[in-house]
Amino acid sequence: FPSHDTSKGGISVNSQKGKIIVKESRGSLKFDIVKGGLVVQEFKGRMEGFTNDGNLSLSPIDDIDISVKTQKGKLTISLPTNSSANMDLSVEDGELYLPSKLKVMRAGNFKVFKGQSKGSGLKGNLVVKSSEGIITIR
């Protein structure tokens, strides 16, 4: 797998297929994934991008600054346990899974959540919009 460890600055990932791993990096990450996967571990900074039919796993370690749009595929975001990020999440024809203390609401065909994660420390914003994907927040 292509892998990039301990980077600073801006990272841009464009992939048609395959799996990419980014570990222990900071700065900004922009991605555009057609098919395949992107795993981001212990990232400090802004993450934003789009996936058509890829699987994403994002693990921020500081204040949250994430904006993702997906068509299909799975998106898993593992928030730090002390995160109190503002979240704006919606999926149209897919699934939205949240920690047990948070409640998914319905608005027409959409499953949505707007509110804060339950931690008391790290701040930030998490925005995810999906058409047919599966979104999991841990």
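Select T51 to start: leaving out residues up to four places away in sequence, T51 touches I33, L56, K69, T70, Q71 and K72. Bear in mind as you click around that this is a predicted model. T51 is found in strand β4, and it counts as buried because its relative accessibility is 1%, against a cut-off of under 20%. Now show the backbone of I33 as well: its oxygen lies 3.3 Å from a polar atom of the T51 side chain.

Stay on β4 and colour residues 26-60, then add β6, residues 74-77. These two strands run parallel, and three bridges join them. For one bridge to look at, pick L56, whose partner in β6 is L75. L56 is also among the residues that T51 touches, which takes you back to the first stop.

Before leaving β4, select E42, which lies in that strand. Check the backbone there: phi of E42 is near 50°, a positive value in a residue other than glycine. Most residues other than glycine have a negative phi. With 42% relative accessibility, E42 counts as partly exposed. Next, go to E24, in the loop between β3 (19-23) and β4. E24 has a positive phi too, about 45°, although it is not a glycine. The relative accessible area of E24 is 44%, so this residue is partly exposed.

Back to β6, and this time bring in β12, residues 134-137. Four bridges join β6 to β12, and the two run parallel. Select K74 and I134 together to see one bridge pair, with I134 on the β12 side.

Follow the chain past β12 and you get to R138, in the segment after that strand. Is R138 buried or exposed? Its relative accessibility is 59%, so R138 counts as exposed; the cut-off for that is over 50%. Show what is around R138: leaving aside neighbours within four places in sequence, R138 is in contact with T76, I77, S78, L79 and P99. Then draw a distance from the C-alpha of R138 to that of P80, and you should get 8.6 Å, for two residues 58 apart along the chain.

R138 and P80 are also both in the lining of the largest pocket, so that is the next selection: L79, P80, T81, S83, P99, K101, L102, S117, K118, G119, I137 and R138. About 180 Å³ of space lies in this pocket. Colour the lining by residue type and you will find five nonpolar, four polar and three charged residues.

From S83 in the lining, move on to S84, in the loop between β6 and β7 (86-91). S84 counts as buried because its relative accessibility is 3%. What does the side chain of S84 make a polar contact with? Show K123: the two side chains make that contact at 3.5 Å. Not counting neighbours within four places in sequence, S84 is in contact with Q116, S117, G119, S120, G121, L122 and K123. Of these, S117 and G119 also line the largest pocket.

Last stop: β7, with its pairings to β10 and β11. Select β10, residues 110-116, and you have a strand that runs antiparallel to β7, joined to it by six bridges. L89 and F113 are one bridge pair, with F113 in β10. Now add β11, residues 124-130, which pairs with β7 in the parallel sense, over six bridges. To finish, click D88, which stands opposite V127 in β11.

Terms used: Residues numbered from 1 in each chain as written. Predicted model: local features only at pLDDT ≥ 70, side-chain atom pairs only at ≥ 80, totals over all residues. Heavy atoms only, no water. 1 Å grid on protein atoms, 1.4 Å probe; cavity = no way out; pocket = protein on both sides within 12 Å on 5 of 7 lines; lining within 4 Å. Points joined across faces, edges and corners; volume = space filled by probe spheres on them. Nonpolar A, V, L, I, M, F, W, Y, C, P; charged D, E, K, R; others polar. Pairing = 2+ DSSP bridges. Buried < 20%, exposed > 50% of the residue type's maximum accessible area, 1.4 Å probe, protein only. Polar contact = N/O pair within 3.5 Å; in protein donor to acceptor, adjacent residues only side chain to side chain. Contact = heavy atoms within 4.5 Å.
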